[in-house]
Structures are given as C-alpha cells and as structure tokens.
Amino acid sequence: MANREELAVIRGARAGRAESQLALGRLYLFGSAGLPKSLPTALHWLDRAAQQGCAEAWQLIGNHIPIELARDSPQPLTGWYERAYDAGLVRAGLVYAQLVLEAARDGAGQAALRAKALRALEDAARAGFAEAQWLLAREHGAAPPEADEPAVCAPAASPAGQRWLRRAADSGVGAAQAALLEQDWNAGRWSAWLARALPLARGFCGADGAYGRTTDRLAPDDVLLLSRCARLVEANAAPHDVTPEELLGFWESAAAENDRHAQFALGLWCARMRVDGKRIPGRHGAANFKKAVRWLTLAGEQGLAEAWYALSRIYIKPEFSQRNVLEAQKYLERAAEMGYRDAQLECGNAAWRARRENENNDVRALYWLQKAAAQGCPKAAAALRKMAPRESGAWGDLNGLLAGRDLAAHPLLAARLTLAVTFGLSRAEALLLDIRSADRGHCLVIDIRASYGRSRRRLISVDTAQERQLLDRVALAFENVDCGPGGPEGNYRQRLYRLRTLLPDAMGSDAGIEEDTAAPAASSPDDDYSLAA
C-alpha cells in the first residue's frame with residue numbers, strides 16, 4: 001500500500017502536475033515499497049509528463065520501455081524515442097528504428113525516416129545490441145523474413161548483411177544462428193557448419209556426457225540440427241572431434257524426437273550393418289536385430305525408403321531369429337515402390353530369376369529395371385540391354401518404304417508397319433502381333449508362338465515418350481478390332497499377300513526379315529480380304 005509521500009505524488013499526478021507525473025512514472029517503472037513495478041502504468045504517467053515538456057520523462061521512456069509496450073500503446077510514442085535517440089540514448093534508437101521500419105513495411109514510412117532509422121539501428125548494432133545486429137542482417141537481405149511478415153521481394157544479401165548476420169549469431173541470437181547454419185548447409189560448407197553447430201548439438205544432448213537422455217522436448221529445428229550433425233560426422237564430411245559416444249547420443253536424441261534419418265541410422269547401428277545388409281567392419285558387439293527392426297520400421301513409416309530396404313536385408317539374414325523370406329520380399333517391394341534404386345534393381349533381378357515359375361515375371365523384371373536405370377543404375381541398364389534387345393534395321397526407313405504408295409485404305413496395315421519400323425519387329429511379328437495384349441505400358445510383349453511356331457517370346461522396352469504416344473495411337477486404331485485370324489485382317493497368308501501386293505519392296509531379302517516357307521508359292525487374289533474401314 002502506498003505511503004503518505006506516494007499518496008501525495010499520486011494526487012499531484014492526477015492534478016496534472018508534470019513533476020508529480022514524472023515521479024509517479026519513475027515509481028511504477030522501478031517499483032517501490034508501496035507501489036508495485038508496472039511498466040504499462042509507468043508508461044502512462046511518463047507519457048503524460050513528456051507531453052508537458054519534461055525531458056527526463058521521454059528519456060526514461062526511451063531507455064526503459066520495451067518495443068512490445070510501445071507497439072501496443074494507443075498513443076504514438078515514436079517521437080519520444082526519436083528525441084531520446086537524438087539526445088544520445090542508443091537503446092532508444094533501437095526501439096525508434098523498429099517502430100519506423102515496421103511502419104515502413106505497412107506502407108506508412110518515408111525515405112528520410114527510414115534512412116534515419118537505419119542509422120539508429122547501426123549505432124545500436126555497433127554498441128553491441130544483438131537484436132539490432134539481427135535486424136540489420138534482415139534489412140540487408142542476409143536472413144529470411146519472419147513468418148508473420150508479408151511476403152515481399154527481399155533484397156540480395158550484401159557483404160554488410162552477412163557481416164551483421166555473423167555478429168548477431170556470435171552474440172547468441174538463435175534466429176541468426178539458424179539462418180547462418182542454413183546458408184552454410186545449402187552452400188556445402190561442412191567445416192564451417194560443423195564448427196558452429198557442434199557446440200549447439202552438445203548443448204541439446206545434455207552435460208556430463210549424458211547424451212541421448214535429455215528430459216526436455218527439443219524444437220524441430222534443434223532436432224534437424226542434431227540429425228545433420230550426426231550425418232556429417234558419420235560421413236566424415238569435415239574435420240571434427242566427436243567421439244563415438246557423442247555420435248550415438250546425437251542419433252538417440254534426434255531419434256527420440258521422431259527424426260527419420262536418426263531412427264534409420266540408429267537401426268543400422270543396432271544391427272551393426274550397412275544399408276545393404278553387410279556388416280560394418282570394425283564394429284564390435286553383437287547385433288540387436290529386434291531393436292534395429294523397431295527403429296527401421298519407425299523410419300520407414302515416415303517415408304524413408306532405404307529403411308524398408310534395410311529391413312528386407314535383416315529378414316533374410318540366417319542369424320536373425322525371425323527370418324522370413326516373405327516379409328523380406330514385402331519390405332523390398334515397398335522400398336522399390338518408394339523409389340529406392342537398389343531395391344528396384346534387386347526386385348528386377350529377383351523377378352527375372354523367377355521367370356520360369358511365371359512367364360510374366362520377365363515383364364515385372366523389366367519394369368523394375370527400367371525404374372532403376374532411370375535413376376542412373378549401370379547394372380540395371382546393362383541387364384535391360386540383355387533382356388530386351390532392340391533389333392533395328394529390319395525395315396529401313398518408313399518414309400522411303402511408303403514413298404509413292406497410299407495406304408489410306410489399309411489403316412491397320414499402316415499402323416502395323418509404323419510399329420514394326422519403330423520397334424524393330426520382324427515381318428511375322430509385325431503382321432501377327434495382337435497389339436492390345438502386347439502393350440504392357442512400359443514394354444511390348446512380342447509373342448506370336450500360337451500363330452507362328454518358329455518365333456520366340458521376347459520383350460521390347462518402351463524407352464521414350466514418343467514411343468509411348470505411338471503405341472497409344474496404334475492401340476486406338478485397334479481398339480475394337482479382332483487381331484486374330486477371324487478378324488478383318490484375315491489369317492497370316494492373307495496378311496502376307498496384302499503386304500506383298502501393296503509393298504513389294506518390303507519383301508526382299510533384307511536383314512532381319514525371315515523367309516516364310518509356310519507362305520504359298522503363288523498367292524492368289526482370292527486370298528485377299530478387304531480391311532474394315
């Protein structure tokens with residue numbers, strides 16, 4: 001409760017006396033025996049005193065009233081901070097600059113005011129105010145805007161901005177440290193990144209070596225920093241002094257916060273193996289596969305394909321008590337479906353080895369090997385060349401073949417010839433292939449053994465978007481057409497006669513076009529049936 005002297009000051013302040021208002025504002029600013037400390041109440045009385053010309057009042061406002069209160073005040077206070085800054089109070093200049101720059105972002109600032117605000121901000125930054133250093137770094141484009149700021153085109157980062165960013169990070173500003181770390185990470189400056197990140201990571205994991213056993217929850221950015229630290233240390237991407245115990249602590253702390261990379265690394269550490277299932281040389285101790293399966297499953301459920309691949313390697317290990325080939329295959333296919341290249345290669349090889357059990361396994365093998373080859377796998381590309389060789393040159397140039405001939409009345413034959421030239425089909429394959437059953441999306445299954453006994457089943461890979469479009473057009477032409485001998489094209493002899501009649505040049509002894517001894521010695525026009533329109 002206020003004493004007599006304080007009650008007299010209160011009465012004088014309410015009566016409008018400037019010296020009483022200043023005294024009451026000072027009492028609420030610092031607190032007293034009878035009056036509690038209250039910055040909003042202090043600001044109210046100091047503002048009233050300053051309005052009556054009291055210089056000490058606006059000096060107290062500039063030195064002690066934070067930006068949060070100044071921003072929420074119903075009365076504009078920018079003028080008091082400006083006066084205090086002009087009088088040499090650097091802290092007042094920091095708040096003044098913040099108020100002016102925030103108004104400038106809202107479109108209410110002027111160039112002269114902004115220039116003065118930047119000068120005030122630089123004075124505060126040189127005086128050691130970390131917040132001023134961080135704000136200057138953002139103003140010079142060296143750091144991204146805050147989440148609640150409007151999206152505007154930020155200026156390009158300048159050397160001055162980078163200098164202030166580093167000073168703010170060295171002063172302990174967390175946002176500045178995060179921005180500088182992100183810059184170094186994106187630029188691949190691993191040594192600089194680790195030099196700044198390792199002390200932070202060690203602080204997250206606890207003191208006295210209590211790694212991985214922190215009780216406080218970590219922020220997502222801190223978890224990411226731990227995970228990145230551990231990945232760089234494990235990969236020896238830069239010089240470091242991290243012990244194996246510290247590295248394990250990084251993984252455990254990040255894994256406990258559901259970081260998938262940490263869970264994956266911890267699973268491999270528990271299994272004492274690499275992602276391909278091979279034991280890590282020099283790693284002592286028995287593998288704990290059950291614990292490894294738990295961590296790898298958690299990582300896989302968060303979308304890490306290599307975790308499922310590692311699980312598939314564990315489930316085929318003879319020393320694993322729960323060895324299960326079917327489970328291994330399930331996890332292998334899951335990793336392949338998520339785009340993991342090694343899993344796609346293994347799925348392709350496994351399907352190719354099992355083609356005797358199911359003839360269509362070669363189609364499945366080709367699918368996975370195409371996926372792996374598209375990601376630059378040389379083994380998959382070599383396997384594709386052996387599995388689905390492209391036999392080119394059987395028909396030569398299509399335009400030269402059709403020069404001076406009109407096949408508009410024979411659209412099905414024209415479509416077959418286009419397909420034959422593009423994919424290197426033999427004469428019998430071109431004439432007898434059932435287009436709809438042959439097209440498997442990623443490849444063509446060339447199988448005419450039921451109609452032409454001397455042929456063999458083979459695959460042709462669909463490699464380009466142009467080939468895929470061509471197949472779609474040909475499939476559309478044969479959409480409602482019976483490709484069998486009872487269809488509008490007739491049997492093989494009739495189709496062969498039509499080809500000889502329309503394109504006699506195509507019946508020479510060209511390479512890749514076999515002679516058909518089953519064809520009649522002399523074809524008759526009676527064997528020719530007109531094609532459906």
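**Entry 1: the cavity.** I searched this predicted model for enclosed space and found that the structure holds one cavity of 30 Å³ or more. The space inside this largest cavity comes to about 30 Å³. I then looked up the lining, which is made by L413, R416, L431, E489, R495 and R498. Sorting these lining residues by kind, I noted two nonpolar, no polar and four charged. I also asked which helices contribute to the wall, and wrote down that α23 (411-423) and α27 (492-502) each supply at least two residues of the lining.

**Entry 2: helix α23.** Since α23 helps to line the cavity, I checked its length next. Its 13 residues should span 18 Å at 1.5 Å a residue, and because the C-alpha atoms at its two ends lie 18 Å apart, the expected and computed values agree. I listed its buried residues as L412, L413, A415, R416, L417, L419, A420 and F423. As a reminder to myself, an α-helix has 3.6 residues a turn, so residues three or four places apart point the same way. Just after the helix, I found that G424 takes a positive phi of about 70°.

**Entry 3: the nonpolar cores.** I turned to the largest nonpolar core, which has 58 residues, and recorded W193, C229, F250 and I314 as those with the most contacts inside it. Following W193 further, and leaving out residues up to four places away in sequence, I saw that W193 touches L181, D184, W185, L225, R228, C229 and L232. Apart from this core lies another one of 55 residues, including V9, L60, Y96 and W164.

Key:
Residues are numbered from 1 along each chain as its sequence is written. This is a predicted model: local features need pLDDT of at least 70, side-chain atom pairs count only at pLDDT 80 or more; totals for chains, interfaces and linings use all residues. Side-chain values use heavy atoms; hydrogens and water are left out. On a 1 Å grid over the protein atoms alone, a cavity is a set of points where a 1.4 Å probe fits but cannot get out, and a pocket is an open set with protein on both sides within 12 Å along at least five of seven lines; lining residues have an atom within 4 Å of a point. Grid points are joined across faces, edges and corners, and a volume is the space filled by probe spheres set on the points. Helices (H or I, at least four residues) and strands (E, at least two) are DSSP runs, numbered from the N terminus. Ala, Val, Leu, Ile, Met, Phe, Trp, Tyr, Cys and Pro count as nonpolar, Asp, Glu, Lys and Arg as charged, and the others, Gly among them, as polar. The expected span of a helix is 1.5 Å times one less than its number of residues. Buried means under 20% relative accessible area, exposed over 50%, partly exposed in between (1.4 Å probe, protein chains only). A nonpolar core is a set of buried Ala, Val, Leu, Ile, Met, Phe, Trp, Tyr and Cys residues joined through side-chain atoms within 4.5 Å. Contact means heavy atoms within 4.5 Å.
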